[in-house]
Amino acid sequence: MEDSNVIKLPVTKEPAAQRKRPGAPEPTPGSEAKRRLSNVQRLAALRETDGSVRLLEELLFGAEDQLLHRLVEQEDEEQTVAVSVEAGDEESGESEAEEAARVQEQPSSRAAWVDNDDELEEEVDMKHRYRRDLMKGDAESVMNKQKLQQRMREQFQKSMGGTPLWAESSAEKKKKKRRRRAADEDDEEEEEEEDDLIRRTGNFVASSESLTGGILRMKKCSNANSARPSEDRLTSVQFHPSAQVVMTAGLDQSISLFQVDGKTNPKIQSVHLDRFPIHRAQFSRDGDMLIATSLKNKMFYLYDMMEGRVTPVHTVRGLNEARVKEFSVCPDGGALLLTGTSGYLHLLTLKTKEVVRSMKINGNVSGVAFSNDGSKVFANSEEGEVYVWDMRSSRCVNRFTDDGCVRGTSIAASPNGRYLACGSQSGVVNLYTQDSCLNSANPKPVKAVMNLLTSATSLTFNPTSEILAIASRAEDEAVRLLHLSSLSVFSNFPVSKRKIVHRTFCIDFSPHSGFFALANNKGHAPLYRLLHYKTF
């Protein structure tokens with residue numbers, strides 16, 4: 001029984017699925033050709049049966065030969081139009097270029113503050129409170145407009161630090177470009193000179209004009225040990241006597257060799273000496289061997305670079321010293337002069353590793369320097385006295401007191417045999433002639449260099465005896481270069497406000513003064529190219 005309370009919903013019939021019309025079959029190339037052929041045949045039959053169709057075609061398209069002629073003319077016209085469009089583009093480009101050239105040839109546009117009315121001759125009262133500052137004297141109480149305009153322009157440029165870029169004329173811009181181009185050419189010439197220098201051998205000696213004072217032409221290069229910076233303080237830096245090589249050594253217990261090219265300075269070799277912080281390292285005279293001493297050790301090392309052999313020298317026969325710290329290589333190359341305690345100097349032969357003779361001065365030795373021929377040795381004492389010894393006879397031939405010196409710290413002799421420099425704890429460096437030091441008991445210095453405020457701990461002459469380098473390890477940037485001909489310090493070194501040199505422990509010049517290097521407390525060896533000298 002059906003429930004009467006139930007409302008019946010209308011029954012919806014599902015719509016029948018719409019049938020898709022079958023699409024036209026894709027024509028094949030063969031069927032398409034057949035269809036076109038049948039259409040042409042029908043049209044031809046219609047034309048033959050009905051003359052009105054033919055008449056309509058001739059009215060619309062003309063006869064067949066006329067239609068073909070018209071189609072050929074249409075193609076020619078399209079080609080002609082395309083050629084004319086391209087020619088028009090070229091002409092428009094040329095016209096734009098000519099227009100730009102005419103604009104450039106035209107005189108520069110007037111400045112923004114120029115007014116045509118200003119060209120009129122008119123006197124201006126300069127005593128007005130707005131123009132009073134432009135006066136340079138009472139005679140300029142009245143000024144014409146043109147002069148006032150020039151004065152205001154000068155005042156504006158002065159306040160702006162020069163002519164601003166937006167106010168520069170085209171002529172001024174061209175001058176600046178020419179100056180920049182000339183500067184670039186100068187830089188390229190300097191780089192070519194440097195490359196030419198690197199290609200030369202160290203033994204090549206070229207003639208050079210005498211060095212002038214005032215400004216020393218130099219260029220900062222990459223650090224000599226940039227390929228391997230030291231992890232601790234550098235104590236020694238020296239150029240090889242015949243090769244383009246520089247050596248660095250320090251408290252990181254290693255000796256490193258670098259090829260000097262001024263750009264990357266690639267590392268050649270490093271030698272590590274276990275538990276041996278290096279106090280001093282130096283090449284032998286022929287450059288085949290390296291000698292290294294430490295701080296608190298009697299032993300020292302000999303490194304044969306030709307064979308790559310490191311030889312420790314534990315004991316030296318005839319040497320009664322607790323440590324071997326300071327030494328100098330004798331000019332003959334076969335011996336070392338060791339600095340001992342209590343004023344002793346010991347001559348040690350490298351062949352037999354024994355002491356052949358000893359010399360003694362009063363007080364402790366603070367520095368040693370050989371004459372250029374090696375026949376004399378100058379020893380500076382901490383008490384401020386200088387002793388001159390004859391190396392052949394081991395006899396003291398002269399002794400004098402360094403003028404004004406309380407405590408001596410360093411000494412150096414020039415390679416040309418002319419000068420002797422003595423440094424003191426006060427920073428004063430006295431420059432003597434070697435002749436007076438050999439013959440006088442009280443020589444007077446030809447120059448007292450007072451540019452340092454701390455102890456002068458390093459003195460080095462360059463190989464041409466034109467520059468004396470003075471340095472102190474007690475203060476940053478305490479390095480000066482003295483021009484010996486004029487006895488004046490070069491004013492442009494150190495030049496940078498940013499610290500580069502730091503505290504210098506050693507300084508050296510390359511064999512022909514082309515480069516100058518320092519060893520500092522940061523583990524770096526700053527390298528400079530001295531542009532006056534053309535060879536390494």
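How many bridges join strand β29 to strand β30, and in which direction do the two strands run? Let's start there, everyone, and keep in mind that this is a predicted model. The answer is 3 bridges, between residues 515–520 of β29 and residues 527–530 of β30, and the two strands run antiparallel. If you want a residue to click on, try A517, which stands opposite L527 in β30.

Now let's zoom out to the sheet around that pair. It is an open sheet of 4 strands, and the order is β3-β30-β29-β28, with antiparallel pairing. At the edges you'll find β3, residues 218–220, and β28, residues 504–509; each has a single partner strand, so one side of each is left without a neighbour in the sheet. On average, neighbouring strands here are turned by 20° against each other, ignoring direction. As a quick reminder, strands of a sheet pair through backbone hydrogen bonds, either parallel or antiparallel.

There is another sheet I'd like to show you. Here too 4 strands form an open sheet with antiparallel pairing, in the order β12-β13-β14-β15. Its edge strands are β12, at 326–329, and β15, at 354–360; each of them has a single partner strand, and therefore one side of each lacks a neighbour in the sheet. From one strand to the next, the twist averages 25°. Let's look at the β14 and β15 pair: 6 bridges join β14, residues 344–349, to β15, and the two run antiparallel. One pairing to pick out is H346, whose bridge partner in β15 is S358.

Next, a residue for those of you who like electrostatics. Where does E477 sit? In the loop between β25 (467–471) and β26 (479–483). This glutamate is buried, yet it has no salt bridge. The nearest side chain of opposite charge belongs to K499, 6.6 Å away, whereas a salt bridge here needs a distance within 4 Å. So what surrounds E477? Leaving aside neighbours within four places in sequence, E477 is in contact with P494, K499, I500, V501 and H502. K499 therefore appears on the contact list, even though no salt bridge is formed by E477, because contact is counted for heavy atoms within 4.5 Å.

Last stop, the cysteines. How many disulfides does the structure hold? The count is 0. Two cysteines to look at are C330 and C506. C330 is buried, with a relative accessible area of 4%. C506 comes out at 16% relative accessibility, so C506 counts as buried as well, the cut-off being under 20%.

That's my tour, and I'm happy to take questions!

Key. Residues are numbered from 1 along each chain as its sequence is written. This is a predicted model: local features need pLDDT of at least 70, side-chain atom pairs count only at pLDDT 80 or more; totals for chains, interfaces and linings use all residues. Side-chain values use heavy atoms; hydrogens and water are left out. Two strands pair if DSSP finds at least two bridges between them. Axes are lines fitted to C-alpha atoms, for helices over the stretch in contact, and angles run from 0 to 180 degrees between N-to-C directions. Buried means under 20% relative accessible area, exposed over 50%, partly exposed in between (1.4 Å probe, protein chains only). Lys and Arg count as positive and Asp and Glu as negative; His and the chain ends are not counted. A disulfide is a pair of cysteine sulfur atoms within 2.5 Å.
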